[in-house]
Amino acid sequence: MIELEDLPELIDPVMICAFEGWNDAGDAASAALGHLDDTWGGKVFAALDAEDYYDFQVNRPTIWLDGGVRRITWPTTRLSVVRVTEPKTRDLVLVRGIEPSMRWRSYCNELLGFAHELGVELVVILGALLGDTPHSRPVPVSGVTSDAALARTLDLEESKYEGPTGIVGVLQEACAHAGVPAVTLWAAVPHYVAQPPNPKATLALINKLEDLLDLRIPPGELTDDSRAWQLGVDQLAAEDTEVAEYVQQLEEAQDTAELPEASGDAIAREFERYLRRRENLGPTGEKPITGTGHATDRPKDETDEDE
């Protein structure tokens, strides 16, 4: 039984999930979730029992010193809550963990139990996959759902994928069978530069999440990190003729296709996002849009590939 006595009643809650591992190319999804947690000071209120879901020979615990005392951090999934206030007040339940090694159905049912108890109205799952996309172009981010009505309402794709899946796909379907509206946002990471981190893909997921939930998420250092990352990959590609030619082929293929990222609607959304952030700058132009974490006494705790 789930007991959440330390939590206040949540306001218009949305659950946002990301999992390290097979559905997290370039660590883009887990980094996006971490950015939300860091930005608004998330407070951990629950953690799943690591013994139930993880093979410790696959995901090993880590040992560390805490003031001379040796402690162990176990691989697990943790839940935290943050409250945002712009453009309206609402709560985000952040689910951050490692893709489980076993008992996936029980794992999803436990997360859905939390969603039910907390009154979550929508589940958003973040994922990142390897794709034939050039690093020099906007990162493609697609939003998919198994709910036909939700697809129409939010202008999303209805999932047609068939094949091997990860915990992202399993949780998406578990939500559908439980009658919980769920959306998955997928960022495409260039397969030729798949090693983490990939701040450009992380920022693309953050921007898509802003549009989906009508949030204002301070980008922090992600904008500068994205530019630096692209510049670094540009330099690496320039040093290898074959890679440079391949990137050029990808660029030409993408430029000739009709991409949502190049549409008038997408450009308008980017300009609106810029204006929203400008409106929330302080007198010196230095203060970003901020939200507040819950001021509640909750116990402190912590926490590769395509569907």
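Contact here means heavy atoms within 4.5 Å. With that in mind, helix 5 of this predicted model makes a good place to begin. The helix runs over residues 167-178, and at 1.5 Å a residue its twelve residues should span 16 Å; the end C-alpha atoms are 16 Å apart, so expectation and model agree. Its buried residues are I167, V168, G169, L171, Q172, A174 and C175. Because an α-helix has 3.6 residues a turn, residues three or four places apart point the same way. The cover over the buried residues of helix 5 includes strand 1, helix 3 (104-118), strand 7 (122-131), strand 8 (141-145) and strand 10. Just after the helix comes G179, with a positive phi near 75 degrees.

The interior can be described through its nonpolar cores. The largest of these has 37 residues, and I16, L36, L92, V124, L185 and L213 are the ones with the most contacts inside it. At least two residues of this core come from each of strand 1, helix 1 (28-40), strand 5 (77-84), strand 6 (90-98), strand 7, strand 10 and helix 6. Helix 6 gives the largest share, eight residues. Looking at I16 shows how such a residue is surrounded: leaving aside residues up to four places away in sequence, I16 touches L33, L36, L92, V93, L94, V95, V124, L126, L209 and L213. Another core, of 36 residues, lies apart from the largest one, and A50, Y107, L111 and V168 are among its members.

The cysteines are worth a look too. The structure holds zero disulfides. For C17, the closest cysteine sulfur is that of C175, and at 7.1 Å it is too far for a bond, since a disulfide needs two sulfur atoms within 2.5 Å. C108 is in no disulfide either, with the sulfur of C175 as its nearest, 7.6 Å away. Both residues are buried, C17 with a relative accessible area of 0% and C108 at 1%.

A loop residue can be buried as well. N198 sits in the loop between strand 10 (182-190) and helix 6 (199-213), and at 2% relative accessibility N198 counts as buried. Beyond residues up to four places away in sequence, N198 touches G26, A28, V189, P190, V193 and W229.

How far can the model be trusted? The protein averages a pLDDT of 85, and 82% of the residues score at least 70. Confidence is highest in strand 1 (residues 14-20), at 97, and lowest in strand 11 (residues 292-293), at a mean of 40. Over residues 281-307 the pLDDT is below 50, although this stretch has 80 contacts in the model beyond near neighbours in sequence. Where pLDDT is low, the predicted coordinates should not be read in detail.

Conventions. Residues are numbered from 1 along each chain as its sequence is written. This is a predicted model: local features need pLDDT of at least 70, side-chain atom pairs count only at pLDDT 80 or more; totals for chains, interfaces and linings use all residues. Side-chain values use heavy atoms; hydrogens and water are left out. Buried means under 20% relative accessible area, exposed over 50%, partly exposed in between (1.4 Å probe, protein chains only). Helices (H or I, at least four residues) and strands (E, at least two) are DSSP runs, numbered from the N terminus. pLDDT is the predictor's confidence in each residue, from 0 to 100. The expected span of a helix is 1.5 Å times one less than its number of residues. A nonpolar core is a set of buried Ala, Val, Leu, Ile, Met, Phe, Trp, Tyr and Cys residues joined through side-chain atoms within 4.5 Å.
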